[in-house]
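Me: I am new to this structure and would like to go through it step by step. Please show it to me before we begin.

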Amino acid sequence: QVQLVESGGGLVQAGGSLRLSCAASGRTLSRNAMGWFRQAPGKEREFVAAISWSGDSTTYYADSVKGRFTISRANARNTVYLQMNSLKPEETAVYYCAAEKSLYSTPSRAWNDYEYWGQGTQVTVSS
């Protein structure tokens with residue numbers, strides 16, 4: 001049974017930074033692409049960033065976060081990170097990490113291609 005646990009969310013002022021972590025347990029996810037999604041109240045879950053399996057580690061970003069957010073993975077720790085800089089109030093949401101169903105795949109931007117999900121961590125950006 002794979003479990004993903006996010007941490008690092010909180011309250012930050014606009015322009016500030018946060019680093020989210022996603023720790024996996026149950027089995028290694030080094031062969032899975034990993035992604036971060038977010039969901040604000042009343043809105044659909046949206047893609048934020050993804051990283052391909054550990055042997056490639058190519059990164060992908062939503063246009064809205066490109067240049068400000070960085071996704072990375074530490075395979076020895078079975079952990080994925082999301083460094084978020086220059087945060088904006090409209091980015092207030094619950095942030096989720098997820099692991100793709102397929103192995104060795106190019107990361108998908110579609111949430112339903114992801115099999116394992118964390119419980120989410122709240123990020124609140126004040127203006």
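Reply: Helices (H or I, at least four residues) and strands (E, at least two) are DSSP runs, numbered from the N terminus. This is a predicted model, in which local features need pLDDT of at least 70 and side-chain atom pairs count only at pLDDT 80 or more, while totals for chains, interfaces and linings use all residues. Residues are numbered from 1 along each chain as its sequence is written, and side-chain values use heavy atoms, with hydrogens and water left out.

Me: How many helices and how many strands does the protein have?
Reply: Read from the N terminus on, the elements run β-β-β-β-β-β-β-β-β-β-β. The count for the protein is therefore 0 helices and 11 strands.

Me: Which radius of gyration does the protein have?
Reply: The radius of gyration is taken over C-alpha atoms, and the globule rule is 2.2 Å times the number of residues to the power 0.38. For 127 residues that rule gives 14 Å, and the value for the protein is close to it, so the protein is as compact as a globular protein of that length. The radius of gyration is 13 Å.

Me: Which residues does the disulfide join?
Reply: A disulfide is counted here when a pair of cysteine sulfur atoms lies within 2.5 Å, and the structure holds 1 disulfide. Its S to S distance is 1.9 Å, and the residues joined are Cys22 and Cys97. The pair links distant parts of the chain, 75 residues apart, with one cysteine in strand 3 (residues 18-25) and the other in strand 9 (residues 93-103), namely Cys22 and Cys97.

Me: Why is the disulfide of Cys22 and Cys97 called right-handed?
Reply: The handedness follows from the torsion about the S-S bond of Cys22 and Cys97, so the value that makes this disulfide right-handed is about 45°.
The answer therefore rests on that torsion, about 45°.

Me: Is Cys22 buried or exposed?
Reply: Buried means under 20% relative accessible area, exposed over 50%, and partly exposed in between (1.4 Å probe, protein chains only). Its partner Cys97 has 1% relative accessibility and counts as buried. With a relative accessible area of 1%, Cys22 is buried.

Me: Where is Ser86 placed?
Reply: Phi of Ser86 is near 50°, a positive value in a residue other than glycine. At 38% relative accessibility, Ser86 counts as partly exposed. The place of Ser86 is the loop between strand 8 and strand 9.
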